Amino acid sequence: MALPAPSAPLPKAELHLHIEGTLEPELAFSLAARNGVPLPYADTGELRRAYDFADLQSFLDLYYDLMAVLRTAEDFTDLAEAYLERAARQGVRHAEIFFDPQAHTARGVPFGAVVEGLGRALDRAEERHGISTRLIMCFLRDLPAESALATLEEAKPHLDRITGIGLDSAEVGHPPAKFAEVYAAAAELGLRRVAHAGEEGPPEYVREALDVLGVERIDHGLRALEDPELVERLVRERVPLTLCPLSNVRLRTVGTLADHPLRRMMDAGLLVTVNSDDPAYFGGYVGDNYHAVAGALGLDAGQLRELARNSFLAAFLDHDEERRAR
Ligand code: ES4
Ligand code: ZN
């Protein structure tokens with residue numbers, strides 16, 4: 001097999017990516033025009049200038065508002081296709097893609113239009129972009145647990161397209177245990193389980209996600225560092241953490257990239273991965289995140305390779321698939 005050209009990006013898996021967070025301003029405006037949805041911004045420049053967030057909630061407010069432009073299956077196909085094209089250019093070989101069904105069904109967009117629309121792009125991702133894919137359906141933790149249960153019911157006819165479940169949106173005040181029942185039901189259906197925890201919420205939420213929800217990976221998990229015993233457990237049990245450095249800076253969970261604990265986490269023996277979260281909003285796709293932390297934290301080529309290797313180890317791939325993807 002030929003060696004990659006020196007400038008070829010490091011092959012990597014992306015494990016923490018909200019597809020709705022890949023909605024670039026240009027696509028938002030073109031979908032708004034196609035669907036006749038008014039936007040309260042004069043142009044893409046004005047929209048981009050609104051991407052100045054104080055915390056997670058101030059981001060989520062804009063993120064949910066802008067989803068109004070996503071109406072049809074075709075819109076979701078176009079959204080996913082645009083992501084896959086950018087991801088491929090940054091070396092992504094495998095992508096485990098989050099989506100937020102409740103954010104769409106609550107606006108009258110049928111569950112099936114979302115999944116089938118995304119699925120059309122994912123079905124041709126291997127052939128067009130050399131990317132294998134998985135879909136992970138996230139529950140919005142600031143909605144009632146009953147809504148998550150109803151969403152799992154709605155997902156049942158589409159489970160051939162859905163690998164797992166996640167938990168996202170406003171964290172503080174919505175502990176993982178609120179979703180114990182739906183996670184147990186999903187496990188019965190053979191779905192893989194992940195959850196956002198320790199992004200803004202306390203270390204206790206990370207522990208609860210493991211013990212009560214039975215998750216296999218923690219999304220973010222930064223605040224686990226406040227609890228040395230928990231860190232020890234995460235190391236011992238090899239629980240992958242999907243970090244999103246540019247997101248943490250934009251949402252002010254860390255001061256600057258130079259303050260980001262990623263390197264300390266690697267040194268502590270944690271299985272950390274680098275991901276983009278909501279790249280259209282946070283200033284970069286996954287390769288940009290690798291590049292930014294390499295510069296700010298002085299990571300060498302070996303450490304970058306370790307991060308890429310971790311991403312495949314933490315992916316929901318079987319051994320043969322993992323080998324092929326790398
Ligand atoms: C999210 Cl950065 C982040 N945190 C929690 N929920 C989310 N949904 C989309 N992006
Ligand atoms: Zn996230």
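Author: A residue counts as buried if 20 or more other C-beta atoms lie within 10 Å of its own, as exposed if 12 or fewer do, and as partly exposed in between. The model discussed here is predicted. Strand β4 may serve as the opening case: 5 of its 5 residues are buried, and the strand is thus mostly covered.

Reader: Which residues of β4 lie on one side, and which on the other?

Author: The general idea is that side chains in a regular strand alternate between the two faces of the sheet. In β4, Gly164, Gly166 and Asp168 are on one side, while Ile165 and Leu167 are on the other. Both faces are covered, as all of these residues are buried.

Reader: In what order do the strands of the sheet stand, and in which sense do they pair, parallel or antiparallel?

Author: The sheet is open and has 8 strands, placed in the order β1-β2-β3-β4-β5-β6-β7-β8, with parallel pairing. At its edges stand β1, residues 12–18, and β8, residues 271–274, each of which pairs on one side only. Averaged over the sheet and with direction ignored, neighbouring strands are turned by 25° against each other.

Reader: How many bridges join β2 to β3, and how many lie between β3 and β4?

Author: Strand β2, residues 92–99, is joined to β3 by 6 bridges, and the two run parallel. Within this pair, Glu96 stands opposite Arg134 of β3. On the β4 side, β3 pairs in the parallel sense over 5 bridges. Here Met137 stands opposite Ile165 of β4, and Cys138 has Gly166 as its bridge partner in that strand.

Reader: Why is β3 said to be largely enclosed by the rest of the structure?

Author: The count of buried residues gives the reason. Strand β3 covers residues 132–140, and 8 of these 9 residues are buried, so the strand is largely enclosed by the rest of the structure.

Reader: How does the sheet continue from β4 to β5, and what lies across β5?

Author: Strand β4, residues 164–168, runs parallel to β5, residues 192–197, and 2 bridges join them. The bridge partner of Gly164 in β5 is Arg192. Helix α10, residues 203–211, lies across β5 and β6, and the helix runs at about 170° to β5.

Reader: Which residues of β7 are covered, and how is this strand joined to β6?

Author: Strand β7 comprises residues 240–243 and has both faces covered. Pro240 and Thr242 are buried on one side, as are Leu241 and Leu243 on the other. β6 runs parallel to β7, with 2 bridges between them. In this pairing, Ile218 stands opposite Leu241.

Reader: Where does UniProt place the feature "active site"?

Author: The UniProt record, an unreviewed entry, places that feature at Glu199. In the model, Glu199 is found in the loop between β5 and α10.

Reader: Is Glu199 buried or exposed? Which residues does it touch?

Author: Glu199 counts as buried because it has 23 C-beta neighbours inside 10 Å. If residues up to four places away in sequence are set aside, Glu199 touches Leu56, Glu171, His220, Leu222 and Thr253.

Reader: Which residues are around ligand 1, and of what classes are they?

Author: Glu199 is one of the residues around ligand 1. The others are His18, Gly21, Leu56, Tyr63, Asp168, Ser169, His196, Ser247, Asp277 and Asp278. By class, this shell has 2 nonpolar, 5 polar and 4 charged residues.

Reader: What is the phi of Arg238 and of Arg252?

Author: Most residues other than glycine have a negative phi. Arg238, although not a glycine, has a positive phi of about 55°. Arg252 likewise has a positive value, near 60°.

Reader: Where do Arg238 and Arg252 lie?

Author: Arg238 lies in the loop between α11, residues 228–236, and β7. Because it has 11 C-beta neighbours inside 10 Å, Arg238 counts as exposed. Arg252 has its place in the loop between α12, residues 245–250, and α13, residues 262–267. With 14 such neighbours inside 10 Å, Arg252 counts as partly exposed.

Reader: Where is Ala185 found, and what separates it from Glu153?

Author: Ala185 is found in helix α9, residues 180–188. It is partly exposed, since 15 other C-beta atoms lie within 10 Å. Along the chain, Ala185 and Glu153 are 32 residues apart, whereas their C-alpha atoms are separated by 9.9 Å.

Methods
Residues are numbered from 1 along each chain as its sequence is written. Chains are lettered from A and ligands numbered from 1 in the order in which they are written. This is a predicted model: local features need pLDDT of at least 70, side-chain atom pairs count only at pLDDT 80 or more; totals for chains, interfaces and linings use all residues. A residue is near a molecule or strand if its C-beta atom, placed from the backbone, lies within 6 Å of it. Ala, Val, Leu, Ile, Met, Phe, Trp, Tyr, Cys and Pro count as nonpolar, Asp, Glu, Lys and Arg as charged, and the others, Gly among them, as polar. Two strands pair if DSSP finds at least two bridges between them. Helices (H or I, at least four residues) and strands (E, at least two) are DSSP runs, numbered from the N terminus. Axes are lines fitted to C-alpha atoms, for helices over the stretch in contact, and angles run from 0 to 180 degrees between N-to-C directions. Two residues are in contact if their C-beta atoms, placed from the backbone, lie within 7 Å. UniProt positions are given in the numbering used here, feature names are shortened, and annotations may be inferred rather than shown by experiment.
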